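Welcome! Take a moment to look over the sequence and the 3D view, and then we can walk through a few places together.

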Amino acid sequence: MKVFDKKQVVIFSVLVGLLFPLLAWIIELSRLNMGFGASSISAIHKNNPVLIFLDTIPFIFGVLGFLLYKIYEKKKAELDHVNVQLKQQTRNINQVSTFAEQIGNGRYDIDFEVTDDSDTLGKTLQNLRDKLYENNQKESLQNWEMRGKDQIGQVLRMHNDVHELSYHILETLIKYIDIVQGVFYIYDDNTSKIRISASYAYNRKKYLQDEVNIGEGLVGQAAIEKDIIHRTEIPEYYLTITSGILGEKKPDSLLIVPLFMEEKLQGVFEFASIRDFKPHEIEFVKGIAEIVARTIYNLKITEKTENLLKESQEMTQELKENEEELRQNAEEMRLTQEELEKTNTHLEEKVQEVNQSQKRLYSLLENASELITIYDSEKKLKYVSPSVKNILGYNEEEMHSGKDFDRVNRKGQTIINNMFEQLLEDPSEPQKIQYSYLNKHGNIMFLETTGRNLLNDPAINGLLLNTSDITERKRAEKEQRMRGQMQTLSDNSPDIILRVDFNRIIFYANPAIESYTGIKAEEFNKKNLRDVGLKQEIVETVDQITDEVKKSKAKTQKEITFPMGEEKRVMNLNAIPEFNEEGRLETILFIFHDISELKKIEEEVKEKNAKITDSTNYAFRLQNAILPSQKFIKQSFPDSFMFYLPRDIVSGDFPWFYEKDDDIYIAAIDCTGHGVPGAMLSLIGYFLMNQIVSQPGVPNPGEVLTQLHKGVQQTLRQDKEGASARDGMDVALCKINLKEMELQFAGAHRPLYLVRNGELYETKGTRAAIGGIPKAGKPEPDFQNHVMKIEKDDSIYFFSDGLPDQFGGPEGRKYFPKRIKNHITTHSDMPMSQMYTHFKKDYEEWLGDGKPIDDVLLIGIRF
């Protein structure tokens with residue numbers, strides 16, 4: 001509520017101040033006994049000057065009232081501002097209180113906006129809300145996972161049969177995760193394959209008799225990699241999901257989880273869904289996979305234990321039966337003993353028969369197809385059968401002297417030694433090995449040996465080896481294997497393959513012929529070529545080539561047109577003669593290879609090559625238009641030459657020429673690469689050089705190369721972070737002033753040769769290239785400038801690296817700078833036009849039939 005305004009306060013202050021002079025006037029007038037009037041007031045002011053000061057008090061009070069009111073207004077504004085802030089704070093506290101109450105009631109999704117950056121409590125509650133919401137979500141997922149594991153645990157406790165258990169686990173998982181299709185595979189330890197144990201789709205069982213090899217398909221891949229496969233890009237061959245609501249629809253997401261227990265595969269889950277699997281669902285299935293794998297493993301162990309127990313019970317019953325049988329056998333043995341005593345009387349008669357049998361046995365062993373040897377426990381030969389002569393070519397004495405092992409290669413000896421060790425380690429288990437052997441006639445043969453440990457047999461008392469010659473069997477197996485491989489290749493080949501005899505009878509046609517003729521391969525078997533429904537032109541072509549091969553007995557190749565309905569395919573036909581064991585031509589193998597697409601590609605390549613050639617020729621015309629010609633250089637240097645030979649149509653090497661006042665700049669520049677890429681870089685170098693030299697002033701060659709280096713880096717963005725273009729150029733640059741007879745030179749990896757009075761002086765360039773990506777910590781190159789006086793008849797030469805690096809000559813070596821120096825010094829008095837002819841001829845002879853590896857540029861000038 002406003003009591004006084006500013007004007008009222010000032011007037012009141014002036015009135016209060018006016019009381020002081022009035023009171024002073026009254027006192028002074030009373031003291032002097034003067035009346036109250038203007039003249040008397042004026043008189044007392046003259047007598048008492050203090051009254052004049054008192055007269056100013058109303059004005060002073062008016063100013064003070066004005067200032068006090070200003071202070072009052074300011075304080076009042078500050079107080080109002082404080083009240084507004086208090087009200088805002090009260091509202092914020094109320095909002096925070098409501099927000100805290102909602103959080104306390106578990107409403108973590110409630111919105112709350114912090115309107116003031118200083119609202120620390122609001123921000124803290126907001127962060128608390130977010131943390132509580134996050135923890136609530138985690139707790140919900142954990143509770144969801146625990147409920148799922150409880151349901152699976154109940155299923156695992158209810159079932160002991162693997163197949164019944166697998167279906168109920170699959171059904172429970174699919175319903176709990178809310179997906180639509182799944183398969184449970186169980187790993188079969190006996191066959192090492194993954195078999196379908198149960199499948200589930202829309203509450204219907206699908207007992208699919210199917211199996212998957214390890215590494216085959218997505219399921220086999222997950223098993224071999226021991227990791228889950230989660231795919232949202234479903235292969236074209238994957239089954240669709242059938243539903244009354246969706247119709248037939250391919251799943252949008254696929255999850256395959258292998259089940260491992262102690263690094264051993266137990267099975268695989270495969271789930272399909274029309275939505276993507278959530279991360280917590282994948283983690284849940286992985287956790288369930290470990291539990292189920294452990295249960296499957298335990299069930300398998302239990303099943304094996306039950307089988308062993310059953311077998312043990314059967315064996316116990318069998319032993320009881322055998323015990324009774326042994327008792328009966330003991331009685332029989334007693335009777336047999338009596339018979340044996342009677343038999344002894346006939347023993348002497350049998351001894352004679354044994355002697356005769358031994359003679360017959362020796363004869364049989366000598367002519368047997370199997371070699372019998374006996375070794376002791378130290379691997380020393382004790383006995384070898386007489387058949388060794390017919391099988392290996394050695395006699396018994398030679399075998400005892402070491403021919404049993406001497407003629408076996410190192411690999412074979414290792415195999416034999418391993419067999420001996422196995423026989424000694426496990427006497428009950430026979431061992432069979434195969435190895436090669438060099439017989440007495442110098443022929444390699446293949447042997448198969450079966451070894452038995454009969455050290456405890458008194459009759460043998462050794463390691464018995466039965467060895468057979470399997471050379472022919474090996475050869476037959478190899479031929480059969482090759483025939484099988486050939487048959488497999490033929491059946492799976494996309495080419496048409498026909499086997500035809502000279503009577504035009506077809507003995508074989510592979511399945512590919514059906515895709516071209518519409519006739520199944522079985523309909524060609526043992527039918528005449530003319531009776532199977534092939535187009536007449538194909539029959540005539542086969543007829544003609546059959547007659548040609550019959551005469552030449554050699555392979556024939558021909559390109560033909562193969563009619564295929566209204567379309568005609570271009571095919572490459574190979575006719576291969578096939579001979580029998582007697583070398584007589586028996587059949588012809590026709591192979592029709594479809595090259596229609598290849599022909600189309602060839603035409604496209606020809607067309608593209610023509611366009612590329614036209615573009616390159618146009619680039620060549622552009623490059624030649626801007627580069628100085630030899631005729632142009634001769635206008636300034638009459639006695640000069642330029643040997644310029646691009647490797648391709650356009651060149652990465654180029655000459656550069658520029659006149660400025662009395663100075664002439666000339667250079668040989670070698671850009672990275674050749675052809676179109678080199679030409680593009682040459683244009684960058686050409687225009688940068690022109691730009692640098694055309695600026696005010698006359699830069700020396702060293703300064704020009706320094707600016708060119710920076711310009712190339714900036715143009716190719718080599719000075720930027722992440723640069724990848726490492727291209728650059730090597731340069732030999734001269735600045736010549738004929739009036740002052742002064743030559744300045746700077747080089748980037750390229751030298752200058754000066755010839756004076758038959759002596760050659762080499763000035764080397766700076767060992768750095770123009771351009772390239774700067775290296776951290778390494779300073780940029782400073783191209784050195786060389787200044788020299790030139791005399792009449794002096795000559796200079798500078799060039800790119802294409803000439804010295806060219807391979808050729810009788811030994812295929814490089815041309816090298818030494819050869820250039822020899823030509824220059826040997827022919828130092830030769831006119832430059834003849835020097836050009838000399839270098840050109842020498843280069844062509846050096847190159848011979850070889851191919852240029854780079855562009856060539858050599859410039860020579862005589863002053």
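Which residues are exposed on the other side of helix 2, away from its buried ones? They are A38, S39, K46 and N47. Please keep in mind along the way that this is a predicted model.

**Helix 2 and its neighbours**

Helix 2 covers residues 38–47, and its buried residues are S40, I41, I44 and H45. These buried residues span an arc of only 140° around the axis, so they sit on the same side of helix 2. There they pack against two partners, helix 1 (6–31) and helix 3 (50–55).

The pairing with helix 1 can be followed residue by residue. From helix 1, the residues W25, E28 and L29 take part, and they meet S40, I41, I44 and H45 of helix 2. Sorted by character, the residues of this contact comprise four nonpolar, two polar and one charged.

**Two helix pairs**

Two packed helices are described by the angle between their axes and the distance between those axes. Here are the values for the two pairs in this report.

| Helix pair | Axes come within | Crossing angle |
|---|---|---|
| Helix 1 and helix 2 | 10 Å | roughly 90° |
| Helix 18 and helix 19 | 10 Å | roughly 130° |

How do the helices of each pair lie to each other? With axes that cross at roughly 90°, helix 1 is roughly perpendicular to helix 2. Angles from 65 to 115 degrees count as roughly perpendicular, and those over 145 as roughly antiparallel. The roughly 130° of the other pair falls in neither group, and therefore helix 18 and helix 19 are oblique to each other.

**A closer look at helix 18 and helix 19**

Helix 18 runs over residues 675–694 and helix 19 over residues 701–715. Their crossing is right-handed. On the helix 18 side, the contact is formed by I684, G685, L688, M689, I692 and V693, while helix 19 brings V704, Q707, L708, G711, V712 and T715. Eight of the contact residues are nonpolar and four are polar, with no charged ones.

**Beyond helix 19: Q718**

Next comes the loop between helix 19 and strand 24 (728–737), where Q718 lies. Is Q718 buried or exposed? Its relative accessible area is 1%, and residues under 20% count as buried, so Q718 is buried.

What does Q718 touch, leaving aside residues up to four places away in sequence? Its contacts are V712, Q713, A723, A725, R726, D727, G771, G772, I773 and P774. One of these, V712, also belongs to the contact of helix 19 with helix 18.

Notes:
Residues are numbered from 1 along each chain as its sequence is written. This is a predicted model: local features need pLDDT of at least 70, side-chain atom pairs count only at pLDDT 80 or more; totals for chains, interfaces and linings use all residues. Side-chain values use heavy atoms; hydrogens and water are left out. Axes are lines fitted to C-alpha atoms, for helices over the stretch in contact, and angles run from 0 to 180 degrees between N-to-C directions. Helices (H or I, at least four residues) and strands (E, at least two) are DSSP runs, numbered from the N terminus. Angles under 35 degrees count as roughly parallel, over 145 as roughly antiparallel, 65 to 115 as roughly perpendicular and the rest as oblique. A crossing is left-handed if the near helix is turned anticlockwise from the far one by less than a right angle, and right-handed if clockwise. Contact means heavy atoms within 4.5 Å. Ala, Val, Leu, Ile, Met, Phe, Trp, Tyr, Cys and Pro count as nonpolar, Asp, Glu, Lys and Arg as charged, and the others, Gly among them, as polar. Buried means under 20% relative accessible area, exposed over 50%, partly exposed in between (1.4 Å probe, protein chains only). The arc is that of the directions from the helix axis to the C-beta atoms.
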